Each structure stands twice: as structure tokens, then as C-alpha cells.
Amino acid sequence: MEVAIHISPTSVGERFFTVRDNRSTLLSHLTRYSYREARLRFQAKSVRGGKSNLNKFSSSAIRQREFGGNILDEEDDGDETNISDDESSFLSLSEKPDRNMALLDEYEMDELDSSSTSNHRSGYVAVLGKPNVGKSTLANQMIGQKLSIVTDKPQTTRHQILGICSGPEYQIILYDTPGVMGKKMHKLDSMMMKNVRSAAINADCVLVVVDACKVPEKIDEVLEEGVADLNHKLPTLLVLNKKDLIKPGEIVKKLEWYEKFTDVDEVIPVSAKYGHGVDDVREWILSKLPVGPAYYPKDIVSEHPERFFVAEIIREKIFMQYHNEVPYACQVNVVSYKARPNAKDFIQVEILVEKNSQKIILIGKEGRALKLLATAARLDIEDFLQKKVYLEVEVKVKENWRQDEGLLKHYGYGGQIQVL
């Protein structure tokens, strides 16, 4: 049995995507260019409130629809929307954009020209570390936006997340990477570690994040997985994260240990959660970046399209709501995304699991667990998109999808972004 949850919006929850710019009317929006790159930009966009009627969409599923708290089931036969396999819909994350992009519009050229001063710095930074040390939290703090999802479970980040941190005199492009793991259980794990290595290819410097709460240990495994393939040594900063959780005296001892027993250029203690020490990390990065113009217009914060972040929001809610093996067995795909200027955007999402038992857990009794998940996800998606959405969620079983290399590449684990 396929289950689709249709959620009608009722209220707006806590803001997910915060605008750094002091122009309060600027909101996130997807912009596509003729050379196939898709970027998140801030453009003026009004937020429409109020309720509107639910529309019918065909699906080979038993649907549960919410009308004022009442759940109705109905059969509806139809064709599923398929994602194109056209290679032109994928954008590589391992290629730097040309700083002299001929196809930028006039506004974007003005943005780039404004950064072409003699002391402007720009470059790429690979953020490496073991699972659950706070890499994504640090990246989010530096960018000033919540781009990477964050939970208390290890290995939450699966993709290489490209985030852009810009200032008047600099542009830092951060590669937030999956946590470095020892034993690789699935093909997915191997491809994730390949993405860790590819992050260092374009990097001008490296951040290795470690957990200050844990006993100090060598970072050889992290460096081996991240930068061993390079024929030159990159400037490396060890970021001692979670300093807010230990005593000052312990911080000093651990700083001394890492300075003595690791081959890094400097060690900086931070609390990524509260932003303490993040400015010091930024200053260190800027001291290592080359002088040059920006790679991207200054109002761009990521090269991932909106549908990527929609899927990530849903995956974050799965990690927060479910336990044991279920979150790790889930793959979230945005099957259809229809922007409708005069109505709620329609977003159709599929959640893949590997076993029917996992599907049963994900749906819950009478679909209650899935309804809770869809509601929480929709609120964050609406905050991210700054408009109301009609969210359809389906759960399907795809046995051993984590071992299927072809599927994994299609899902973006081959270092590419789907920009449909």
C-alpha cells in the first residue's frame, strides 16, 4: 500500500532561512541561468497568507487528506511524475566557475565588479571531520544561514554542501562534507567518502573539526580520507569545537595536545553552536585565501537549487522523529516541483526505504507518524520558500538502494546537483 499525506497549510512556524541582508523584503528564490547553473538568490517576493482549497493530483496511492483535522482515504489511479535522466539537468560541484563568466546579466556583473578591488580575497575551503563533531553547525554559523541540516545523530550530512559566505572584501566558498567514517557498510558510504576527497581538489585551505568533549586523538584518518590524493600540502586549521561544554583548563590542555601531536598550522577553540570563536576561524581562512575577485555575485549563498533543500528539510525531520536504522535507510527525492504564481506551490516527494518494516514504522498507525513528519517539514519548507505549499509525501520500498551505484549517482551522491 502506498500512502500519500496531503497537508493544507494553517500557520507559519519558526523561520528556517534567515536573510543576512538588512533589506527586509529580500527573500530566497531560485534563479537559473542559460549555462545550467542553479543558485539560491535573494529577490523581492511577497508572502501570501490565508487558506486555499486543496487540489487533486493523480497518484497510484491510497491518499490521506486533511480537512479540518479529519482524515479521508480515497483511491485515485494515475501516472507518477518521473525525474528526467538528462545529463544537462546535473551540475558538477567539483568544478570552479569561471571568474570571467560571460553569460552573467548586468546586475551580476555589477556585483562582481564591486568586489574587484586590489585586496579582495576569495577561495574554497574544505570542512572535514568525523561524524557529529559540528561541521555543519560551523558552516551554518559562518554563512549566516541554515543551509546544512543539523541533528544530534551522526552522519546526518550525506552530500557535499556548497555554501557561500561573502563580505565587502572577501568571498569564502565552504564545502561542508559528510563525516569521515572507518568502516563502510554500503556503496553509499563509499560514495560519500569520495565526495569528501573531491572537496579538497579545489580547496585553498582545510578546516579539520574535532570534538573538544572527547579524548584527543590523531587526525590522520581524517586527513588521509580528505587530502591524501593531493600532491601538495594545504594550509590546515584544527577547529576544537564544543568548547562551551568543557572547563577552560581542559581547553588549554587539549589545545597543547593537538598543537604537539597533529600536523596542522594552528588550533582554534570554538563553540559553533553559539558562534564563539567563529570570527577567529574566518580571519584565519582569509589569511590563507588568494587575492582575487569573487566567484559568485555577493547575494548568492549556495549553488544548490531549492528542491535540494526541500529534500534536506524533510530528511532532517526524519532524523529528528525516528530512531535506530530508519533515518539511515531513508532517501528523500523531490519528484515534482510546480511553482504556481497564483496558488500554492505543489511539491511531490517520495521517501524510499529498504524494507517494508521500515515503511510501516515511517507511516505509523493510521498514518499518524507520517502526518506528523509532513506537517513539521511543510512548516520549515514554507519558511524557506516564503510561500504556502501543497506537500504530498509518499513512502515506497526500494530494496538495497544504498548498494545501487546507478541510483546513488542519480540521487546526487556522485558529486553532482540535479537542477531540474
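Which residues is Thr236 in contact with, leaving aside its neighbours within four places in sequence? In this predicted model, they are Val206, Val208, Leu223, Val264, Asp265, Glu266 and Trp284.

**Thr236 and its surroundings**

Thr236 belongs to strand E11, which covers residues 236-241. Its relative accessible area is 6%. The limit for a buried residue is under 20%, so Thr236 counts as buried. The side chain of Thr236 also reaches a backbone oxygen, that of Leu234, at 2.9 Å.

**The protein as a whole**

Thr236 is one residue in a protein of 420 residues, of which 56% count as buried. The protein contains 10 helices and 16 strands. Among contacts with a separation of 6 or more, 75% come from residues 24 or more positions apart in the sequence. The accessible surface of the protein is about 18500 Å², and carbon and sulfur atoms account for 49% of that surface.

**The largest pocket**

The volume of the largest pocket is about 410 Å³. Its lining is made up of 23 residues. Asn132, Gly134, Thr137, Val150 and Thr151 are the lining residues that lie nearest the centre of the pocket. Helix H2, residues 135-143, gives the most to the lining, with 3 residues. The table divides the lining of the largest pocket by residue class.

| Class of lining residue | Number in the largest pocket |
|---|---|
| Nonpolar | 6 residues |
| Polar | 11 residues |
| Charged | 6 residues |

Notes:
Residues numbered from 1 in each chain as written. Predicted model: local features only at pLDDT ≥ 70, side-chain atom pairs only at ≥ 80, totals over all residues. Heavy atoms only, no water. Helix = DSSP H or I, 4+ residues; strand = E, 2+ residues; numbered from the N terminus. Buried < 20%, exposed > 50% of the residue type's maximum accessible area, 1.4 Å probe, protein only. Contact = heavy atoms within 4.5 Å. Areas by Shrake-Rupley, 256 points an atom, 1.4 Å probe, with all protein chains shown as cover. Polar contact = N/O pair within 3.5 Å; in protein donor to acceptor, adjacent residues only side chain to side chain. 1 Å grid on protein atoms, 1.4 Å probe; cavity = no way out; pocket = protein on both sides within 12 Å on 5 of 7 lines; lining within 4 Å. Points joined across faces, edges and corners; volume = space filled by probe spheres on them. Nonpolar A, V, L, I, M, F, W, Y, C, P; charged D, E, K, R; others polar.
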